[in-house]
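Reader: Please pick out one part of this structure and look at it closely with me, then follow the thread outwards from there. I am in my first year, so I would like each term to be explained as it comes up.

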Amino acid sequence: MGISLIVLAAGQGTRMNSDLPKVLHPLGGVALVGHALQAGRALEPGRVVVVAGHGAAEVRRAVLALDDMAIVVEQSEQLGTAHAVAQARAALDGVGGDAVVLYGDTPFISADTLERMRAARAQHDVVVLGFEANDPGRYGRLIMDGDRLERIVEFKDADATERAVTLCNSGVVCADAGLLFDLVAGVGCDNAAGEYYLTDIVALATARGLRAGVVLCPESETLGINTRAELAAAEAAFQTRARAEALDTGVTLLAPDTVHFALDTVIGRDALVEPNVVFGPGVTVESGATIRAFSHLEGCHVSRGAVVGPFARLRPGAELAEDVRVGNFVEVKNTVMDEGAKANHLAYLGDAHVGQGANVGAGTITCNYDGVSKHRTEIGAGAFIGSDTMLVAPVRVGAGAVTGSGSVISDDVPDGALALGRARQVTKPGLGARLMQRLRAASDIAKGKH
Ligand code: UD1
Ligand code: MG
């Protein structure tokens with residue numbers, strides 16, 4: 001049977017003090033809700049439903065960008081977690097199989113934990129993810145009867161004995177989807193918060209003679225984000241883990257603590273990453289590539305043997321083939337550089353194709369934007385672009401062609417041609433020295449020295 005995901009993401013996140021819906025705050029370069037979606041993906045869900053509320057339109061856009069098959073439903077009033085789950089019912093009508101409820105603001109649930117929950121469904125009708133809390137605070141408490149979960153009591157409703165329990169509810173639940181919606185429909189709101197608690201489904205299931213059980217995970221996985229400080233702490237935790245994973249997979253990090261990763265960063269074995277490198281979303285670096293210090297990469301691919309930086313910027317659509325060189329203060333956007341192509345210093349390559357082995361000189365700019373539209377630049381294999389060439393797109397420089405330094409190239413250059421597009425130099429013997437003499441004399445008069 002297939003499995004469905006229900007991600008609760010309607011909360012306002014008032015304590016973030018932000019105009020951005022809480023679940024859209026980035027962690028590891030990806031919206032918080034994207035982390036829940038990613039963890040859930042390990043279960044290969046047939047259907048993914050996100051329950052949005054505050055900032056629903058923005059959340060919908062972001063969720064669909066992360067997963068265009070997801071269904072975003074709206075919970076217009078936040079009446080509680082059970083009410084939120086009920087909003088997903090229509091979207092899962094007739095789907096069958098199990099449903100897993102995740103929170104959009106809880107980014108660290110691991111794929112392994114979700115797998116263990118799925119496996120535990122063989123013994124239990126309702127599986128709840130629990131953890132032993134260091135400080136149980138305001139979490140819901142799991143009230144056990146042997147290895148059976150009897151009920152969950154919310155902190156607000158708990159008596160002193162129940163509050164002394166340290167086994168807490170993470171919020172993640174797995175059950176047959178049909179059963180889940182049936183149970184949720186029976187939840188009332190006669191409690192301290194006046195909310196429809198999802199946690200009440202456990203007592204309702206037990207009352208029906210169904211079995212509820214608990215799967216345990218480390219507390220670190222259940223960390224939820226409510227404040228900027230928690231988001232910052234979560235970012236630090238995320239980076240620590242990402243660095244450790246990179247080292248484990250055989251990446252050399254010269255100063256791990258200074259390298260920042262995104263949720264989806266992929267770096268091959270024996271790649272070398274120097275200090276102070278930032279990987280934004282969507283980066284793959286092949287085995288044996290080198291990313292030198294202070295480089296910033298997002299949405300790009302770096303192939304084996306390529307060297308990037310120091311101080312390079314690769315923006316979305318930068319595709320570097322094997323042995324490409326992108327040096328200091330070079331920005332590359334939406335540009336494919338074929339094998340062995342080089343842009344070693346101070347250049348902007350945008351909306352371009354640089355052919356195999358071509359050399360782009362210092363100060364070269366693809367003038368890709370006319371103020372309204374973007375245009376393409378084609379640089380042929382083995383071309384030599386002289387320093388400070390302005391390539392006014394759309395324009396093509398042929399294979400093996402050469403542009404003179406300081407040229408403004410607005411017409412296509414045929415294969416093998418030399419193109420010069422600059423004013424001819426004029427040299428006046430002795431005039432430099434005479435000019436300086438005159439200027440100094442004028443300055444002395446102005447200062448009253450004569
Ligand atoms: C919930 C659990 C509690 C558990 C804790 C773990 C309930 C009643 N309580 O409490 O047992 O220990 O999580 O963090 O479930 N949401 C909606 N719509 C709503 C209400 C909430 O989408 O109407 C979403 C929130 O955006 C959030 C999640 O559900 O992502 C949890 O809601 P929250 O209000 O944080 O529940 P807690 O009080 O923390
Ligand atoms: Mg909470």
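Author: Three elements, β1 (3–9), α3 (81–86) and β10 (167–176), each supply at least two residues of the lining of the largest pocket, where helices (H or I, at least four residues) and strands (E, at least two) are DSSP runs numbered from the N terminus. This is a predicted model, in which local features need pLDDT of at least 70, side-chain atom pairs count only at pLDDT 80 or more, and totals for chains, interfaces and linings use all residues; side-chain values use heavy atoms, without hydrogens and water. Residues are numbered from 1 along each chain as its sequence is written, while chains are lettered from A and ligands numbered from 1 in the order in which they are written.

The largest pocket has a volume of about 1500 Å³, and of the 43 residues that line this pocket, Lys22, Thr81, Tyr103, Asp105 and Asn226 are the closest to its centre. Among the elements, β10 gives the most to the pocket lining, with three residues. (On a 1 Å grid over the protein atoms alone, a pocket is an open set of points with protein on both sides within 12 Å along at least five of seven lines, a cavity is a set where a 1.4 Å probe fits but cannot get out, and lining residues have an atom within 4 Å of a point; points are joined across faces, edges and corners, and a volume is the space filled by probe spheres set on them.)

Strand β10 also leads us to the enclosed space, since a search of the whole structure finds one cavity of 30 Å³ or more. The largest cavity has a volume of about 40 Å³, and its lining consists of Tyr103, Asn169, Gly171, Val173, Leu198 and Thr199. Here too β10 gives the most, with three residues.

Cys174 is buried, with a relative accessible area of 1%, whereas Cys189, at 31%, is partly exposed (buried is under 20%, exposed over 50%, partly exposed in between, with a 1.4 Å probe and protein chains only). The closest cysteine sulfur to that of Cys174 belongs to Cys217 and is 14 Å away, too far for a bond; indeed, the search of the whole structure finds zero disulfides, that is, pairs of cysteine sulfur atoms within 2.5 Å.

Turning to the rings, the whole structure holds four aromatic pairs (rings of Phe, Tyr and Trp, the last by its six-membered ring, with centres within 6.5 Å; planes under 30 degrees apart are stacked, over 60 edge-to-face, the rest tilted). Phe261 and Phe279 are stacked, because their ring centres are 5.5 Å apart and their planes lie at 15°. This pair links distant parts of the chain, 18 residues apart, with Phe261 in the loop between β12 (252–253) and β13 (266–267) and Phe279 in strand β15 (residues 278–279). Both rings are in buried residues, Phe261 at 5% relative accessibility and Phe279 at 2%.

A second stacked pair is made by Phe311 and Phe329, whose centres are 5.3 Å apart with planes at 20°. Phe311 sits in the loop between β20 (307–308) and β21 (313–314), and Phe329 in strand β23 (residues 325–333), again distant parts of the chain 18 residues apart. Here, however, Phe311 is partly exposed at 39%, as is Phe329 at 49%. Ring pairs join these two with Phe294 into a cluster.
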